[in-house]
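Me: I've got a new one open and want to go through it with you. Just answer as I poke around.

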Amino acid sequence: MSLDQLLIRHPAATFFARAQGPSMEGAGIFNEDILIIDRSLTPKPGDVVIALLDGDLMVKRLVYQG
């Protein structure tokens, strides 16, 4: 059984990152968790996303306002 085949749909658009800090514990993402990130997916409101802010990656829930 291959984890790549089970977890990665778009290998060319997928990367891994390690979570740091407690800000997403409510979403089940804990400090030091390994995240599998697929850049080919289009996020919709309520999704957990990776955002780039001032050169740093952040894990947040997507919410549109206004």
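Me: What does R18 count as, going by its relative accessibility?

Reply: R18 counts as partly exposed because its relative accessibility is 46%, the classes being buried under 20% relative accessible area, exposed over 50% and partly exposed in between, with a 1.4 Å probe and protein chains only. This is a predicted model, in which local features need pLDDT of at least 70 and side-chain atom pairs pLDDT 80 or more, while totals for chains, interfaces and linings use all residues. Residues are numbered from 1 along each chain as its sequence is written, and side-chain values use heavy atoms, without hydrogens or water.

Me: And which residue does R18 form a salt bridge with?

Reply: The partner of R18 is E32, and the closest N and O atoms of the two are 3.8 Å apart; a salt bridge here is a side-chain nitrogen of Lys or Arg within 4 Å of a carboxyl oxygen of Asp or Glu. The pair links distant parts of the chain, R18 being in strand β1 (residues 14–18) and E32, 14 residues apart from R18, in the loop between β1 and β2 (34–38). Strands are DSSP runs of E with at least two residues, numbered from the N terminus.

Me: How exposed is the E32 end?

Reply: E32 has 44% relative accessibility, so E32 counts as partly exposed.

Me: What about the backbone there, what is the phi of E32?

Reply: Phi of E32 is positive, about 80°, although E32 is not a glycine. For context, most residues other than glycine have a negative phi.

Me: Where else is there a positive phi in a residue other than glycine?

Reply: D54 has one, with phi near 50°, and D54 is placed in the loop between β3 and β4. D54 counts as exposed because its relative accessible area is 74%.

Me: Back to salt bridges, how many are there in the whole structure?

Reply: A search of the whole structure finds two. Besides the pair of R18 and E32, there is one between K44 and D47, where the closest N and O atoms are 3.6 Å apart.

Me: K44 and D47, which exposure class does each fall in?

Reply: K44 counts as exposed because its relative accessibility is 51%, whereas D47, at 23% relative accessibility, counts as partly exposed.

Me: Switching topic: pockets. How much space is in the largest one?

Reply: The largest pocket holds about 600 Å³ of space. A pocket is an open set of points on a 1 Å grid over the protein atoms alone where a 1.4 Å probe fits, with protein on both sides within 12 Å along at least five of seven lines, and lining residues have an atom within 4 Å of a point. The volume is the space filled by probe spheres set on the points, which are joined across faces, edges and corners.

Me: Which residues are closest to the centre of that pocket?

Reply: Of the 22 residues in its lining, I36, I37, D38, L41 and V48 are the closest to the centre of the largest pocket. The elements that contribute two or more lining residues are β1, β2, β3 (48–53) and β4, and β2 gives the largest share, five residues.

Me: And what volume does the second largest pocket have?

Reply: The second largest pocket has a volume of about 240 Å³, and among the 14 residues that line this second pocket, A19, Q20, L57, M58 and V59 lie nearest the centre. Both β1 and β4 supply at least two residues of that lining, with the largest share, four residues, coming from β4.

Me: L57 caught my eye. Where is L57, and is L57 buried or exposed?

Reply: L57 is found in strand β4 (residues 56–61), and L57 counts as exposed because its relative accessibility is 53%.

Me: What is L57 in contact with?

Reply: Setting aside neighbours within four places in sequence, L57 is in contact (heavy atoms within 4.5 Å) with F15, I50, A51 and L52. As for P43, L57 and P43 are 14 residues apart in sequence and 16 Å apart in space, C-alpha to C-alpha.

Me: Last one, T14: buried or exposed?

Reply: T14, which lies in strand β1, counts as buried because its relative accessibility is 16%. Leaving out neighbours within four places in sequence, T14 is in contact with I8, I36, I37 and D38; of these, I36, I37 and D38 are also among the residues closest to the centre of the largest pocket.
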